[in-house]
Amino acid sequence: MATFLRTLSYRYQWLYDGISRIAALSVGGENKFRQLALQGLTINSDSRILDLCCGSGQATQILTKISRNVTGLDASPLSLQRAKENVPQANYVEAFAENIPFAENKFDLVHTSAALHEMQPEQLQKILKEVYRILQPGGVFAVVDFHQPTNPLFVPGLWVFFWLFETETAWKLLKSDLPELLRNVGFKVEEPKLYAGGSLQVIQARK
Ligand SMILES: C[S@@+](CC[C@H](N)C(=O)[O-])C[C@H]1O[C@@H](n2cnc3c(N)ncnc32)[C@H](O)[C@@H]1O
């Protein structure tokens with residue numbers, strides 16, 4: 001699954017950004033999309049924030065406007081290099097999200113956008129446990145990612161998008177119950193907020 005466009009979108013940042021911008025129109029634009037998972041959270045300039053799977057720093061940038069203590073983590077050296085150029089005010093670490101090189105209780109907020117759908121189920125389990133470990137008690141894991149559309153009108157668009165850009169892990173995420181997976185590792189989670197006809201879910205899970 002997925003087409004050559006997936007490879008191209010990771011190779012050329014302008015293409016990735018263009019696709020993100022178009023996809024974000026479904027929730028009112030990129031700026032709104034980038035802040036969806038942060039709504040209602042109490043974050044200040046001292047909050048210790050990890051942008052997990054930060055990519056080229058699209059959400060990291062928003063986070064650095066709120067806090068001066070932001071770290072981006074990604075497994076891709078190319079993405080990290082771009083993030084460092086795009087958002088030099090954050091710190092960065094190259095690592096796998098399933099093996100996060102930080103101590104227990106290190107962060108007040110872990111944010112991740114459009115990344116968990118890239119993980120195999122076993123990987124996802126490990127990542128959720130790692131995020132729980134590095135959050136301080138009361139800290140929040142803020143997630144925005146795909147969800148099975150609740151409005152049938154959004155199904156064709158999501159399927160075309162998945163066919164062009166995503167792999168089988170994205171389809172697996174649609175079938176999984178992310179809030180339940182989070183509860184299983186100890187998080188307190190309410191039902192997700194849904195956007196774009198239900199094709200996007202926002203979860204704020206508290207340790
Ligand atoms: C679709 S991009 C999302 C980037 C960014 N968060 C955004 O909202 O645009 C997914 C990112 O996850 C990273 N990634 C995938 N698997 C990972 C893993 N196991 N550990 C760390 N990063 C990973 C990829 O390198 C990529 O930068």
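**Close-up views of the ligand site**

**View 1. Aspartate 74 meets the ligand.** In this predicted model, an N or O atom in the side chain of aspartate 74 lies 2.6 Å from an oxygen atom of the ligand. Asp74 is also listed among the closest residues around the ligand.

**View 2. Cysteine 53 and glutamine 123 face ligand nitrogen.** Cysteine 53 uses its backbone: an N or O atom there is 2.8 Å from a nitrogen atom of the ligand. Glutamine 123 uses its side chain: a polar atom there lies 3.5 Å from a nitrogen atom of the ligand. On its own, the ligand has 590 Å² of accessible area, and the protein covers 92% of that.

**View 3. The shell around the ligand.** How many residues surround the ligand? There are 20. The closest are Tyr16, Arg34, Cys53, Asp74 and Ser113. By type, the shell divides into 10 nonpolar, 6 polar and 4 charged residues. The ligand sits in the second largest pocket.

**View 4. Residues 49-139.** An unreviewed UniProt entry lists this stretch as "domain: Methyltransferase". Here the chain is 36% helix and 27% strand. The C-alpha atoms at the two ends of residues 49-139 are 10 Å apart.

Conventions. Residues numbered from 1 in each chain as written. Predicted model: local features only at pLDDT ≥ 70, side-chain atom pairs only at ≥ 80, totals over all residues. Heavy atoms only, no water. Near = heavy atom within 4 Å. Polar contact = N/O pair within 3.5 Å; in protein donor to acceptor, adjacent residues only side chain to side chain. Areas by Shrake-Rupley, 256 points an atom, 1.4 Å probe, with all protein chains shown as cover. 1 Å grid on protein atoms, 1.4 Å probe; cavity = no way out; pocket = protein on both sides within 12 Å on 5 of 7 lines; lining within 4 Å. Sits in = over half its atoms within 2 Å of the grid points. Nonpolar A, V, L, I, M, F, W, Y, C, P; charged D, E, K, R; others polar. UniProt positions renumbered as here; feature names shortened; annotations may be inferred. Helix = DSSP H or I, 4+ residues; strand = E, 2+ residues; numbered from the N terminus.
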